[in-house]
Amino acid sequence: MKLSLFNISNFRVDGGAMFGVIPKALWSRQVQSDELNTIELSLTSLVIETEERVILVDAGWGDKQDEKFFRHTYLHGGSGLAGGLAECGYRPEDITDVIITHLHADHCGGCFVNAKGGGTVPLFPNAAWHISRAQWEWANESNLREEDAFLPENIRPFGESGRLHLVEEPCELFPGVSVRICYGHTPGMLIPVINCNGKTMVYTGDLIPTVAHIPLLWNMAYDLLPLVTIAEKQEILHEALQNDWLLVFQHDPAYECCTLSETPKGIRAGLKGRLADFT
Ligand SMILES: [Zn+2]
């Protein structure tokens with residue numbers, strides 16, 4: 001098995017929204033904000049190449065929305081989705097499967113692109129889409145709170161593709177690639193756990209978006225069910241610590257991954273760095 005990480009693009013969001021009830025006096029010691037109070041995030045996608053498959057995890061914002069929509073995301077840097085894949089040695093047609101952690105716009109938008117004659121076409125013509133049934137049904141009902149994140153133009157094409165696989169429960173999707181299902185951020189978020197050549201790593205998605213989100217109470221204001229997020233983090237952090245797993249971050253612009261260590265204050269990051277430093 002071979003793992004590759006690439007950054008589609010950096011973007012910026014409000015620092016307060018990223019740390020919920022944690023006072024700025026505390027989070028600003030860990031993360032720098034600008035005059036608008038925004039902080040830097042990455043959009044790091046993962047490619048898992050097994051003997052038989054090339055699996056992409058998440059696909060970034062895409063480009064189907066207009067300038068006005070992207071005005072508040074401050075996209076910059078990174079290699080783009082197709083560009084980042086190319087740097088890792090893959091063409092869009094090589095991708096056999098895409099695991100979508102959840103259907104918020106910054107995770108699934110890149111899967112379908114505008115077609116010349118109108119409508120959309122899949123960027124990955126040979127890929128099957130894997131989304132949890134809980135998230136699929138939730139996102140299709142829509143709700144006021146997540147209205148800006150669940151965009152019909154991003155979600156509808158999956159249903160029309162004929163290649164949508166709904167994940168019913170936590171399972172081993174492919175040899176060495178399992179998924180957990182979390183409910184605190186949004187119902188049915190898939191968390192991939194990968195066993196690569198004897199080393200286990202967990203792609204923490206929006207459960208632990210950056211290294212600064214490892215403390216149990218340092219959670220995003222976007223989470224629908226904060227108490228559930230805390231319980232889910234607690235469980236995964238304990239398991240990761242006990243079994244020497246690596247955490248892989250989707251939104252940390254400085255660190256791709258880290259080990260964990262026990263401290264008097266709770267579980268914290270151990271060694272931080274790039275995936276290549278640990279594998
Ligand atoms: Zn999200």
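**Figure 1. Largest nonpolar core of the predicted model.** The largest nonpolar core has 44 residues. Those that touch the most other members are F19, L56, V98, L103, F124 and F158. Leaving aside residues up to four places away in sequence, V98 touches L56, D58, C111, F124, A127, A128, W129 and H130. Two of the contacts of V98, L56 and F124, also belong to the group that touches the most other core members. A second core, separate from this one, has 23 residues, among them L5, I48, I99 and L246. In soluble globular proteins, nonpolar side chains tend to be buried together.

**Figure 2. Coordination of the zinc ion.** Three histidines and one aspartate supply the donors: H102 through NE2, H104 through ND1, H185 through NE2 and D206 through OD. The distances to the zinc ion are 2.1 to 2.2 Å. Angles among the four donor atoms run from 87 to 176°, and the site is irregular. The site does not count as tetrahedral, because that label needs all angles to lie between 85 and 135 degrees, and the range here reaches 176°. For four tetrahedral donors, the ideal angle at a metal is 109.5 degrees.

**Figure 3. Placement of the zinc donors along the chain.** The donor spacing reads H-x1-H-x80-H-x20-D. Of the donors, H185 sits in the loop between β10 (177–182) and β11 (189–196). D206 sits in the loop between β12 (199–203) and α8 (226–242). H185 and D206 are 21 residues apart, and the pair links distant parts of the chain. H185 and D206 are both buried.

**Figure 4. Aromatic pair F19 and W218.** This is one of 10 aromatic pairs in the structure. The rings of F19 and W218 lie 5.8 Å apart, centre to centre, with 80° between the planes, and the pair is edge-to-face. F19 belongs to helix α1 (residues 15–19), whereas W218 is in the loop between β12 and α8. The two are 199 residues apart, and the pair links distant parts of the chain. Both residues, F19 and W218, are buried. F19 is also among the residues of the largest nonpolar core that touch the most other members.

**Figure 5. Aromatic cluster around W61 and F70.** W61 and F70 form an edge-to-face pair, with 6.1 Å between the centres and 80° between the planes. W61 counts as buried because its relative accessibility is 12%. F70 likewise counts as buried, at 15% relative accessibility. The cut-off for buried is under 20% relative accessible area. Ring pairs join W61 and F70 with F11 and F69 in a cluster.

**Figure 6. Salt bridge R12 to E40 and its network.** The structure holds 10 salt bridges. In the one between R12 and E40, the closest N and O atoms are 2.8 Å apart. R12 lies in strand β1 (residues 2–14) and E40 in strand β2 (residues 38–49), and the pair, 28 residues apart, links distant parts of the chain. R12 is buried, with a relative accessible area of 17%. E40 has a relative accessibility of 22% and therefore counts as partly exposed. A network of salt bridges links R12, D34 and E40.

**Figure 7. Salt bridges of R133 with E137 and E168.** R133 forms a salt bridge with E137, where the closest N and O atoms are 3.4 Å apart. Both residues are in helix α6 (residues 133–141), and because they are four residues apart, about one helical turn separates them. R133 counts as partly exposed at 32% relative accessibility, and E137 counts as partly exposed at 41%. R133 also forms a salt bridge with E168, with 2.8 Å between the closest N and O atoms. E168 lies in the loop between β8 (164–167) and β9 (171–174) while R133 lies in helix α6, so this pair ties together parts that are 35 residues apart in sequence. E168 counts as exposed, at 51% relative accessibility.

**Figure 8. E160 and S178.** E160 is located in helix α7 (residues 152–160). With 62% relative accessibility, E160 counts as exposed. E160 and S178 are 18 residues apart along the chain, and 26 Å separates their C-alpha atoms.

How values were computed
Residues are numbered from 1 along each chain as its sequence is written. This is a predicted model: local features need pLDDT of at least 70, side-chain atom pairs count only at pLDDT 80 or more; totals for chains, interfaces and linings use all residues. Side-chain values use heavy atoms; hydrogens and water are left out. A nonpolar core is a set of buried Ala, Val, Leu, Ile, Met, Phe, Trp, Tyr and Cys residues joined through side-chain atoms within 4.5 Å. Buried means under 20% relative accessible area, exposed over 50%, partly exposed in between (1.4 Å probe, protein chains only). Contact means heavy atoms within 4.5 Å. Donors are N, O and S atoms within 2.8 Å of the metal (3.2 Å for Na, K and Ca); water is not among the atoms, so sites may look incomplete. Four donors count as tetrahedral if all angles lie between 85 and 135 degrees; four count as square planar and six as octahedral if opposite donors are over 155 degrees apart and all others between 65 and 115; anything else is irregular. Rings of Phe, Tyr and Trp (its six-membered ring) pair if their centres lie within 6.5 Å; planes under 30 degrees apart count as stacked, over 60 as edge-to-face and the rest as tilted. A salt bridge is a side-chain nitrogen of Lys or Arg within 4 Å of a carboxyl oxygen of Asp or Glu.
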